[in-house]
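Hi everyone, thanks for having me. I'd like to walk you through one structure today, a stop at a time, so please keep the picture open while I talk.

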Amino acid sequence: MAQVELIMPKMGESIIEATILKWVKNVGDTIEVDETVLEIATDKVDSEVPSPVAGVLSKILFQENDVVEVGAAIAIIATEGEAPSSDNGPALEPDTAASNGHNGTPQPAEVVAAPAVAHKAEAVAMVAKRTSDRFYSPLVKNIAKAENIGYAELDQVPGSGRDGRVTKKDILAYVKNRGAAAVTTPQPAVAAPQRTAAAPSAKATTSVSGATEIVEMDRMRRLIADHMVMSKRTSPHVTSYVEVDVTDIVDWRNKNKAAFQKKYGEKITYTPIFIEAVVKAIGDFPMVNISVDGHNLIVKKDINIGMATALPSGNLIVPVIKSADQLNLVGLTKSVNDLAGRARLNKLKPEEIQGGTFTITNVGTFGNVMGTPIINQPQVAILAVGAIRKKPAVVETEYGDLIAVRQMMFLSLSYDHRVVDGFLGGSFLRKIGDYLEAFDKNRGI
């Protein structure tokens, strides 16, 4: 028989912790290989954690809403039919009450003066069999066992946790206030405190004048906030800008979008065209496709492009197109549409938000002409593409310079000035613009 630790998985390069949302399995439950044990969440994605082995869930080491570091053991699974450890349960009392006579006939218990002895006699007298399916954490069970509290009594302890679960604070408060009166029968001598109908302690949600409302951040927003602060603290940010004429791209898309969708079953947006240009520019400037480890530079050979995607909640998630340099425009379009669609439905897999080497965010979606994005650690640069707008611009022709209405947009690149200086960052950004302006408007689909 063996015990296997269930480890908090790594959900991405920059992810160092995850929040436990829900335990799907309870202590004592049988688990099959790859069966979901719990649900977790990071600032990137919600996910399920499967079991690597078949067995029985022996111990749960963290509770729901706990934040756990990546790599930490979160549960113990007993394999080969090993039963859950007795250390997890409350005191298990004999099926029959203690006998005071020599013939084995149960006798009424005498009044006991010492409170400690009264507690012990009370616990021994209780029936060990569970009378409910109420969930108790291993910590609560251990405290109950140490205090000789059986399941019958434990079921009466009011819980302040989620779904009325008994927390550590609840069980300790119960033990502290536990009655010390003597008992005369093998019944629990202490009446469980009753839940009151009083309203829960309310947080202030409005100001006295009513002109201000306080809204608590949701879990994902808190994690995003921490990640953004960490990024600004880690990397000295510099942002460069270029303006790009994308008239040929706009004209090509308008002319071909219906035929493209009919042929491939996909809507063609500007995003895969932008990604195509970024991939080409990274090929020219590979030192933008790196991360930093102390005083070492980790140069990534794969070009994995993350694309920031807005969720209905207003939060952002960054699915990653792996080996984007190996995809043509059709392949990029399919990947962009698939990942963006499933991101909005919260159906991304953990591996689909991992391994990004460069990120693009489209602030033009919100009508913004430019932005100063924050680097998605541990990457060293991020590109923001602004809204495409018609503007008068100087056009060079064989007949001389002309002023014409053109489709113009701004690109802005934020980069880590520890390792990307102005020459590299500016040249890389300009190269992206050059590839976009060189787009072949006669390109086939």
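**A walk through the model**

Let's begin with M370, which is partly exposed, its relative accessible area being 35%. Please keep in mind throughout that this is a predicted model.

Where in the chain does M370 lie? You'll find M370 in the loop between β16, residues 358-362, and β17, residues 381-385. On the surface, M370 joins Y241 and V369 in a nonpolar patch. Taken together, those three residues have about 230 Å² of accessible area.

Now stay in that loop with me, where G371 also has its place, between β16 and β17. Is G371 buried or exposed? G371 has a relative accessible area of 15%, and it counts as buried because the cut-off for buried is under 20%. There is also a nice example here of sequence against space. G371 and S414 are 43 residues apart in sequence, and their C-alpha atoms are 9.2 Å apart in space.

One last stop in the loop between β16 and β17 is P378. The peptide bond that runs from Q377 to P378 is cis, with omega near 5 degrees. Why point that out? Most peptide bonds are trans.

While we're on the backbone, let's talk about phi. Most residues other than glycine have a negative phi. Here are two residues to look up. N65 is not a glycine, and its phi is positive, near 80 degrees. You can find N65 in the loop between β6, residues 55-60, and β7. The other is N148, again a residue other than glycine, with a positive phi near 60 degrees. N148 sits in the loop between α2, residues 138-146, and α3, residues 151-154. With a relative accessibility of 32%, N148 counts as partly exposed.

On to the strands. Please find the open sheet of 4 strands, whose order is β5-β4-β2-β7 and whose pairing is antiparallel. Which strands stand at the edges? They are β5, residues 46-50, and β7, residues 67-69. Each of these has a single partner strand, so one side of each is left without a neighbour in the sheet. If you ignore direction, neighbouring strands of this sheet are turned by 45 degrees against each other on average.

Inside that sheet, β2, residues 17-23, pairs with β4, residues 36-41, in the antiparallel sense, and 4 bridges connect them. If you'd like a landmark, look for W23, which stands opposite L38 in β4.

Next come two hairpins. In one of them, β18, residues 389-397, is joined to β19, residues 400-416, by 9 bridges, and the two strands run antiparallel. How many residues lie between the strands of this hairpin? There are 2 residues between β18 and β19. To follow a pairing by eye, start at V394, whose bridge partner in β19 is I403.

The other hairpin has β10, residues 290-293, pairing with β11, residues 296-299, in the antiparallel sense over 4 bridges. Here D293 stands opposite N296 in β11. This hairpin also has 2 residues between its strands, and G294 takes a positive phi near 65 degrees.

Let's finish with the aromatic rings. How many aromatic pairs are there? The count comes to 5 aromatic pairs. One of them is W252 with F439, an edge-to-face pair with 5.4 Å from centre to centre and 70 degrees between the planes. This pair links distant parts of the chain: W252 belongs to helix α6, residues 247-264, while F439 is in the segment after α9, residues 422-437. The two are 187 residues apart. Are these two buried or exposed? W252 is buried, at 1% relative accessible area, and F439 is buried as well, at 8%.

Another pair is Y270 with F274, and this one is stacked. Their centres are 6.2 Å apart, and there are 20 degrees between the planes. F274 counts as buried, with 5% relative accessibility. Finally, have a look at F285, F358 and F428, which form one aromatic cluster.

That's the end of the tour. Thanks for listening, and I'm happy to go back to any stop!

Key
Residues are numbered from 1 along each chain as its sequence is written. This is a predicted model: local features need pLDDT of at least 70, side-chain atom pairs count only at pLDDT 80 or more; totals for chains, interfaces and linings use all residues. Side-chain values use heavy atoms; hydrogens and water are left out. Two strands pair if DSSP finds at least two bridges between them. Axes are lines fitted to C-alpha atoms, for helices over the stretch in contact, and angles run from 0 to 180 degrees between N-to-C directions. Patches are made of residues with over 30% relative accessible area and no salt bridge: like charges are joined within 9 Å, nonpolar side chains (Val, Leu, Ile, Met, Phe, Trp, Tyr) within 5 Å. Accessible areas come from the Shrake-Rupley method with a 1.4 Å probe; for residues, only the protein chains shown count as cover. A salt bridge is a side-chain nitrogen of Lys or Arg within 4 Å of a carboxyl oxygen of Asp or Glu. Buried means under 20% relative accessible area, exposed over 50%, partly exposed in between (1.4 Å probe, protein chains only). Rings of Phe, Tyr and Trp (its six-membered ring) pair if their centres lie within 6.5 Å; planes under 30 degrees apart count as stacked, over 60 as edge-to-face and the rest as tilted.
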